[in-house]
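Biologist: I would like to learn how to read a model like this one. Please show me the structure and take it feature by feature.

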Amino acid sequence: MANSQVSKERKLRCLFCKADSSTSRSREHIVPESFGNTEHMLEPGVICDGCNNYFARKVEKPILDSLYFKERRFNAVVPNKRGHVVPLDGFHLESGTRIQVYADPGGGISVGAHPDADEARLIKTLLGQSKGTLIFPVATSPEERVLARFVGKIGIEVMASRLVQAGKSHEELVDEPALEELRNFVRRGGGPRQWSVARRQLYSPDTVFSDGDEHYVLLHEYELLLRPIDKANDLYACYISLVLFGEEFVLNMSGPALDGFEAWRASATD
Ligand SMILES: [Zn+2]
């Protein structure tokens with residue numbers, strides 16, 4: 001009888017591909033670890049190992065590697081999974097040397113030639129001149145479609161984590177028809193050519209927030225927003241609001257257009 005509970009254990013299904021995920025071992029970070037997230041995770045089996053791996057390579061990596069987010073991670077001194085703050089690439093004009101800028105753990109930055117073999121030329125030029133010019137590429141935003149898939153993935157996972165927090169199972173969402181279009185867009189890259197994302201800078205990335213004696217910088221936060229469409233029939237549009245380094249990204253989880261979101265928010269915050 002002691003084993004009866006184990007044998008009755010339900011099979012788990014993946015939130016994205018719906019396949020049996022009972023034997024999956026990986027924990028899914030809702031926001032990537034390399035954005036400083038060490039606490040918001042989904043237990044193994046909510047997302048199968050295959051989907052977890054796919055998202056890491058095809059959706060999260062292009063976002064993390066984009067110069068736009070590399071700069072933000074660098075400025076906030078957020079280490080990657082291996083504990084390094086990824087340096088920024090630049091160019092020292094007078095010596096014609098490619099350089100890298102490193103964020104020092106104790107604050108401040110240091111500059112070195114990259115590759116190291118050019119270090120002597122860089123130093124010689126620096127010693128001979130009182131002024132110099134460092135050039136950095138302009139950090140344009142990541143590609144819109146992959147950004148929308150990234151935000152949408154987080155939206156679906158936030159819904160699942162809210163269910164789990166409420167003592168329910170993520171599996172209530174696996175066959176949810178209202179999520180099908182977004183699930184397909186996020187996991188397969190299928191469906192509409194573009195899924196709209198509204199963006200605005202809510203606060204400066206280095207804003208220090210206080211809670212009693214605690215002072216902290218917010219690297220990320222998220223919430224689900226419900227806009228009533230038909231209150232009598234309990235119909236709502238659901239939006240994910242994701243804030244990274246003070247910038248908010250909003251996506252409509254019910255369809256690719258933001259619909260009346262901006263007007264609704266303007267009226268709600270009046
Ligand atoms: Zn899966």
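Modeller: We go through domains, helices and one residue. This is a predicted model: local features need pLDDT of at least 70, side-chain atom pairs count only at pLDDT 80 or more, and totals for chains, interfaces and linings use all residues. Residues are numbered from 1 along each chain as its sequence is written.

Biologist: Which domains does the assignment give?

Modeller: Domain bounds come from an automatic or database domain assignment. Here they are domain 1 (81-135) and domain 2 (141-268). Their centres, taken over C-alpha atoms, are 38 Å apart.

Biologist: How many residues has helix 5?

Modeller: Helices (H or I, at least four residues) and strands (E, at least two) are DSSP runs, numbered from the N terminus. Helix 5 (residues 144-165) has 22 residues. The expected span is 1.5 Å times one less than the number of residues. Helix 5 reaches 31 Å from first C-alpha to last, close to the expected 32 Å. G167 follows helix 5, with a positive phi near 80 degrees.

Biologist: At what angle do helix 5 and helix 6 pack?

Modeller: Axes are lines fitted to C-alpha atoms, for helices over the stretch in contact, and angles run from 0 to 180 degrees between N-to-C directions. Helix 5 and helix 6 (residues 180-188) pack at about 125 degrees, axes 9 Å apart.

Biologist: Is Y102 buried or exposed?

Modeller: A residue is buried if 20 or more other C-beta atoms, placed from the backbone, lie within 10 Å of its own, exposed if 12 or fewer, and partly exposed in between. Y102 counts as partly exposed because it has 16 C-beta neighbours inside 10 Å. Y102 lies in strand 4 (residues 97-103).
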